[in-house]
Amino acid sequence: MAAPQVSYAARPSLLQRVSKALKKDLFQRNVVWLIMTIPAAAWIFLFKYVTMGGIAIAFLDYKPRRGVFGSEFIGLKNFEFLFSTEVAWRAARNTILLNLLFITVGLLFSLTVAWLLFNVYTSRVMRFYQTSLLLPNFISWVIVSFFVFALLKGDNGLVNTFLKNIGRQPIDWYSSPQYWPIILLLAYLWQSVGWGSLIYLSGMLGIEPEIFEAATMDGASRFQQFSRITLPLILPLIILNLLLAIGHIFNADFGLFYQVPRDQGALYPTTDVLDTFIYRALINLQNTGMASAAQFYQSVVGFILVMLSNWAVRRLSPRDQDLSLF
Amino acid sequence: MSGYTQTHSRRYRGRSDRLMRWIGDSVIHLLLVIIALACLTPFLIILSASFSDERALALKGYSLLPQQFSTTGYQFILHKPASILQAYLVTTSVTVLGTLIALTMMSLIAYPLSRKQFVLRRPMSLFAFFTTLFSGGLVPYYILVTQYLHLKNTFFVLMIPQMVGVFQLLILRTAFAQLPDELFDAARVDGASEWRIFLHIALPLSKPTLATIGLMTAIAYWNNWTTALYFISEPKLYTLQYLLFQTMRSAEAMALEPQIGQVPMPLEVTRMAMVVLATGPAALAFLYVQKYLVKGITMGAFK
């Protein structure tokens, strides 16, 4: 150990010069790297961080002419106003309940479809299944609202035409809020099953095939293989997805809830969620006070939920792979 | 995989077992065919409606096949195609320009974040990823864009939203980090600058990932209608999706007074033809590029 140290020490000037040059080089490279990050970092700062600070508008009597810094501070007035209306509570309730419905049914459905696909993975028609299942995922909600409209239109929609043909009374879908949780659920499943099942399918394909071969030889049935092998092995993936979804339970998909019910007032009791409520308050009603109070409420509760779910993911993930976000 | 287990079962197990397996597979195929068709049916219904006759559609209703085949809907659009062509032009320019800018900005920040010697790697990553945890939401965003940046009714505002996606940034960073270190060391010894390494080594070697991210971004731009809903009221800046949304609304308004012109406009089939013309190219493009997208989804699932 001692000998090489001596030999290096014999020519210190070269080592010093090299390390100095390297340090200078590294410094220069760091400067270039920093410059590279500037455009995106500036974008993130402006559109993400400035708007984060902007939720403080909820405490102002915001007047566009006066701007954010000129408007008067009014404390919790906006919140008092917001929570005195039943509509805000309704929107919060709808957001959570509908999201819970979507998360649970969506999980069961995606998992089932993934398992069906897994069983016929080598089949030649696999590509057809995958393409058809994924196609809805790449269609905007505007188009989906046309699809739903063609099915549910009052006088000549497909469903009502069918009801008339079998001698039943047609239903005025766009003014009957009681059906909409199910309709929205179906639209959600239709749109998301391709993506959802693909994630679980790739999890299942990651399992060592030898395990299934051994089980088959031991005479385990398909269902036994699913409950004893597949399910336990992809459970971490399921839990991760569930927790992440629960973290975002206070945020609704604006497109689904705004486009599919076509913003029909009669449907608000079961379709109005926080995101559509905030949009209406801000742009249709021009009530910035109420919108910003609701926005503050959504952002802060959303943040707490995300932090909680992230904490849970970290607690539950296996020691060798931390699946949490940070 | 199931092929492998089948050969085994053939060797080790009896005929009734094989029959059971065959029945099981058939049931699974049947279920999958039903689900796949359920996914495709809405497309077919709209396509059929677009080729229907207006009166037949009103009387007999929507169905899987056209009611009295007719192309009046398309004729109506092609008679005055200005609005849809303009929307196509706007959407295509936004998609192409936006995707190029987004890819440039995202790879420019993802590359330094993938370098272990970058001093600001951790703080900068945290700076980017914190935005997935906490969001100011629509209200501050709307006020910022309209009252401080004055971008309402500008072409540029349509490009803002998808410019930096943290999820995409994460995938790009992983792709750059997975390139072998030896390559970068060798280039450095040869005296290549970081710009050169980025342009001539990191980018070309990450082409598949860049293509996937580019496609995801392009689809997001193509399908975006919320930005136009918030910030655009000028018809010449309507995007395709927003134009469709508007036809739904304004056509409804027109339906209340059907005798506007001499010939009543076949509202419903025209609307459906519009949907087909707007969705068709995107759907075909999807079929062409889907394998890259599948890769993107699975990459995202496992980071």
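**Core, helix and chain contacts**

Author: The largest nonpolar core here has 142 residues, and those with the most contacts inside it include Ala114(A), Ile46(B) and Met106(B). Its largest share, 12 residues, comes from α5(B). This is a predicted model, where local features need pLDDT of at least 70, side-chain atom pairs count only at pLDDT 80 or more, and totals for chains, interfaces and linings use all residues. Residues are numbered from 1 along each chain as its sequence is written, while chains are lettered from A and ligands numbered from 1 in the order in which they are written.

Reader: What makes a set of residues a nonpolar core?

Author: It's a set of buried Ala, Val, Leu, Ile, Met, Phe, Trp, Tyr and Cys residues joined through C-beta atoms within 7 Å.

Reader: Why is Gly98(B) called buried?

Author: Buried means 20 or more other C-beta atoms within 10 Å of a residue's own, with C-beta atoms placed from the backbone. Gly98(B) has 23 such neighbours, so it counts as buried.

Reader: Where is Gly98(B), and what does it touch?

Author: Gly98(B) sits in helix α5 (residues 82–114) of chain B; a helix is a DSSP run of H or I, at least four residues, numbered from the N terminus. Leaving out residues up to four places away in sequence, Gly98(B) touches Met159(B), Gln162(B) and Tyr221(B). Contact means C-beta atoms, placed from the backbone, within 7 Å.

Reader: How many residues of chain B are in contact with chain A?

Author: 80 residues of chain B, meeting 75 of chain A. Helix α2 (residues 15–50) of chain B gives the largest share of chain B's side, 14 residues.

Key: Contact = placed C-beta atoms within 7 Å. Helix = DSSP H or I, 4+ residues; strand = E, 2+ residues; numbered from the N terminus. Buried ≥ 20, exposed ≤ 12 C-beta atoms within 10 Å, placed from the backbone.
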